[in-house]
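Hi,

Here is the structure I promised to pass on to you. Have a look at it first, and my notes on what turned up follow below.

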Amino acid sequence: MSPSPDDPAPVDGLSPQDLAVLDLERQWWKHPGSKDEAVRARFGCSPTRYYQLLDALLDREAALRHDPVLVARLRRTRSGSRRVRTARRLDLSDAAGR
């Protein structure tokens, strides 16, 4: 999934792969099958690797400039998921300490 010399120049600081990730996030639910299947078919990588790429992409201002509504929504979703995971860890830590 690394860029090749034949890839077109980045758009607004985003590579073709970055744009493809944002495109998939924008419309994956419109396609039949699971998102994991779409990730494997389109990017040739595991869903874990895809989410690592997405996570890094969401932290980039270029992504926010390119599609502010989508990136803001994905950032909110990510933030909520992190809060839930942290709360679970704290609950498990509290239960173990009793």
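Asp23 and Arg42 form a salt bridge through their side chains, with an N to O distance of 2.9 Å. Because Asp23 sits in helix H1 and Arg42 in helix H2 (residues 35-43), this pair ties together parts that are 19 residues apart in sequence. Please keep in mind that this is a predicted model. Arg42 itself is partly exposed, at 41% relative accessibility.

The pair also belongs to something wider: Asp23, Arg26, Arg42 and Asp67 are linked in a network of salt bridges.

Arg42 comes up again if you start from Ala20, a residue of helix H1 (residues 16-27). Which residues does Ala20 touch, leaving out those up to four places away in sequence? They are Arg42 and Phe43. Between the C-alpha atoms of Ala20 and Arg42 the separation is 8.7 Å, while along the chain the two are 22 residues apart. Is Ala20 buried or exposed? Its relative accessible area is 17%, and since buried means under 20%, Ala20 counts as buried.

Now for a second link involving the helices just mentioned. The side chains of Lys35 and Glu25 meet in a salt bridge, at 2.7 Å from N to O. Lys35 belongs to helix H2 and Glu25 to helix H1, so here too parts of the chain are tied together, in this case 10 residues apart in sequence. Both partners may interest you for their accessibility. Lys35 is buried, with 13% relative accessibility, and Glu25 is buried as well, with a relative accessible area of 5%.

Further along the chain, you will find Asp55 and Arg78, whose side chains meet in a salt bridge of 2.7 Å, N to O. This pair links distant parts of the chain, 23 residues apart: Asp55 is in helix H3 (residues 47-58) and Arg78 in helix H5 (residues 68-97). In terms of accessibility, Asp55 is partly exposed at 27%, whereas Arg78 is buried at 16%.

How many salt bridges are there in the whole structure? A search finds eight, among them the Asp23 and Arg42 pair, the Lys35 and Glu25 pair and the Asp55 and Arg78 pair.

If you open the model in your viewer, you could begin at Arg42, which has both the salt bridge to Asp23 and the contact with Ala20.

Happy to talk it over whenever suits you.

Best wishes

Methods
Residues numbered from 1 in each chain as written. Predicted model: local features only at pLDDT ≥ 70, side-chain atom pairs only at ≥ 80, totals over all residues. Heavy atoms only, no water. Helix = DSSP H or I, 4+ residues; strand = E, 2+ residues; numbered from the N terminus. Buried < 20%, exposed > 50% of the residue type's maximum accessible area, 1.4 Å probe, protein only. Contact = heavy atoms within 4.5 Å. Salt bridge = Lys/Arg side-chain N within 4 Å of Asp/Glu carboxyl O.
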